[in-house]
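Biologist: Please put the model on screen. I have some questions about how the chain is built.

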Amino acid sequence: MKSYLTRRALLRSGIASGASLVAAGTVAAQDGPDPLIIETQDWAMFTGDAVDATPYGMPIRFEADVIRRNVPWLTADPISSINFTPIHALDGTITPQGCAFERHHSGAIELAKEDYRLMLNGLVDQPLIFTYEDLERFPRENHVYFCECAANTGMEWAGAQLNGVQFTHGMIHNMEYTGIPLRTLLNEAGLGAAGDLADKWVYVEGADASSNGRSIPMEKALDDVIVAFKANGEALRKEHGYPVRLVVPGWEGNLWVKWLRRIEVTDVAVESREETSKYTDVLADGTARKWTWVMDAKSVITSPSPQQPITHGNGPLVITGLAWSGRGKITRVDVSKDGGMTWETARLGRQGDTKALTRFYLDTEWNGEPWLLQARAMDETGYVQPTKDQLREVRGENSIYHNNCIQTWALASDGRAENVEVS
C-alpha cells in the first residue's frame, strides 16, 4: 500500500526542501545512496563558461520550451497575426520581454532611434516634433501594467476551443514600463487652442505600414497614459514597438500603439477601421457597441492546466494562476474544484501598481480525484468576474472581444487537464 506525505508532515520531518519525490508522490525508496548526491558530477569537475561567453544573457537550454507560440489557422498570414505568452510556464507576475506576446497588423518593423520622430499636432497651441533624444530629457516615470489584447480568450465564446492556457489566455503580458506621461507632452504643446477639454480626443497612430490609428478620450490621455521607451529596465524589443510605444493602462491592447509616430488633438473621435469594423462588441442582434475599451476583471489558473499537468502524484499541491482588472487592483480570487459549486479563497501574491497582474495561490492536497478547476476574480470596484452564461445573456455568441468569463479545466485522475465548458 502506498504511503503519502502531507505538506505538514514534510515540514515536521525537516525534509521539505531535500526530499526526493517520485511520480507517485512518496519519498523515493532506493536500494542505495543517490549518485546525484554522493558522486561528483561533470558540472563540478570542469570549468564552465567565461563571463563573456554570452554578452546578452539567454535562457539556459533546459528551458527551451518556454517560448511564445502561434496558432497558424487563427489568421491568414503571420505578418498580421499574434503569438501567445507562455503564462503556464511562468511564475510571479513580471513577463520577460522575450516571452511577451506579439500582435502585429503589418509585421514588426525596424526603426532606429536616430530616425525616430514623434509629431504632436491638431488642436494645440504649438505643433511639435520630438526626436528620441528630446523625449529622454523629459521627467520620466516607471509603472507596472498589464497589456491584454481585446481578443484574448475570444475563441472561447461558443465553447471550449483551444487546449492550453497559453492559447486561451496568453494574449497578455505584464511589464514595468518607463516613459513620459502623455499629459506632459500635451502640456508642452499647449491645449489652449482645444478650448473645453471635456469633449476632446487624441488620435494616435504608429509608423508601421498599417499605422493602426486609435482615438482616445482626452480624459484618459491626461490621466495615466505613458509614452514609453523602456520595458523591464531595457529598451523595448522590436516586436513591442522599439523605440517608442504608447501604454494605455487597463485598456485593450490595440490602443497601445507601437512605433508611435503621431498624436493629434481632435474635437471628435476619428472612428478608424480599428475602432469601427474591428474592436467593437457584436451583440446577438448583429448590432455592435463601441468604446468598450476597459479590460474587466479576469483570472485563470495556469497550473494545473492542459500544458502543466500534475506529474508528482498525490499529496501537497499548489494551484496557481493570474488575475487582473483594468479598473484597479484585484482584491480577492476564489478557486473552485467542483465547477463553481463551492469556492475557497486563494492567497494573493504581493501587489504593486494598479492595473497590473496579480499572482494567486491555493495551497491544497490532491489525491487523484477528478476536479473541475475554476478561478473567479474580484476587483476594488466590487466587480465580480462573470460566468460565460452571464456574458452570453447580454452579448450572445457573436462576440470576439472582451471575453472575461470564468475558465474551467477538467483535471483527470492521471493529473492531466483539459479545456472544458462549465457555463
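Biologist: In what order do the 4 strands of the open sheet run?

Modeller: This is a predicted model, with local features needing pLDDT of at least 70, side-chain atom pairs counting only at pLDDT 80 or more, and totals for chains, interfaces and linings using all residues. Residues are numbered from 1 along each chain as its sequence is written, and side-chain values use heavy atoms, with hydrogens and water left out. Strands are DSSP runs (E, at least two residues; helices are H or I, at least four), numbered from the N terminus, and two strands pair if DSSP finds at least two bridges between them. The pairing is antiparallel, and the order is β15-β16-β20-β19.

Biologist: Why is one side of β15 and of β19 left without a neighbour in the sheet?

Modeller: β15 joins antiparallel β16 (residues 315–324) through 5 bridges. Ser 303 stands opposite Thr 320 in β16. One side of β15 (298–303) and of β19 (347–348) is free because each stands at an edge, with a single partner strand.

Biologist: Which strand gives the most to the largest nonpolar core?

Modeller: Such a core is a set of buried Ala, Val, Leu, Ile, Met, Phe, Trp, Tyr and Cys residues joined through side-chain atoms within 4.5 Å. Buried means under 20% relative accessible area, exposed over 50%, partly exposed in between (1.4 Å probe, protein chains only). The largest core has 60 residues, and Leu 118 and Val 227 are among those with the most contacts inside it. With 5 residues, the top contributor is strand β9 (residues 226–231).

Biologist: How many residues of domain 2 are in contact with domain 1?

Modeller: An automatic or database domain assignment sets the bounds: domain 1 is 102–290 and domain 2 is 298–420. Their C-alpha centres lie 29 Å apart. Contact means heavy atoms within 4.5 Å. On the domain 1 side 39 residues take part, and on the domain 2 side 35.

Biologist: Gly 154: how far is its C-alpha from that of His 402?

Modeller: Gly 154 sits in the loop between β5 (141–148) and α4 (165–169). Gly 154 is buried, at 9% relative accessible area. His 402 is 248 residues away in sequence, yet the C-alpha distance is 7.2 Å.

Biologist: Over which residues is the pLDDT below 50?

Modeller: pLDDT is the predictor's confidence in each residue, from 0 to 100. The chain averages 92, and 93% of the residues score at least 70. Where pLDDT is low, predicted coordinates should not be read in detail. The stretch below 50 is residues 1–27.
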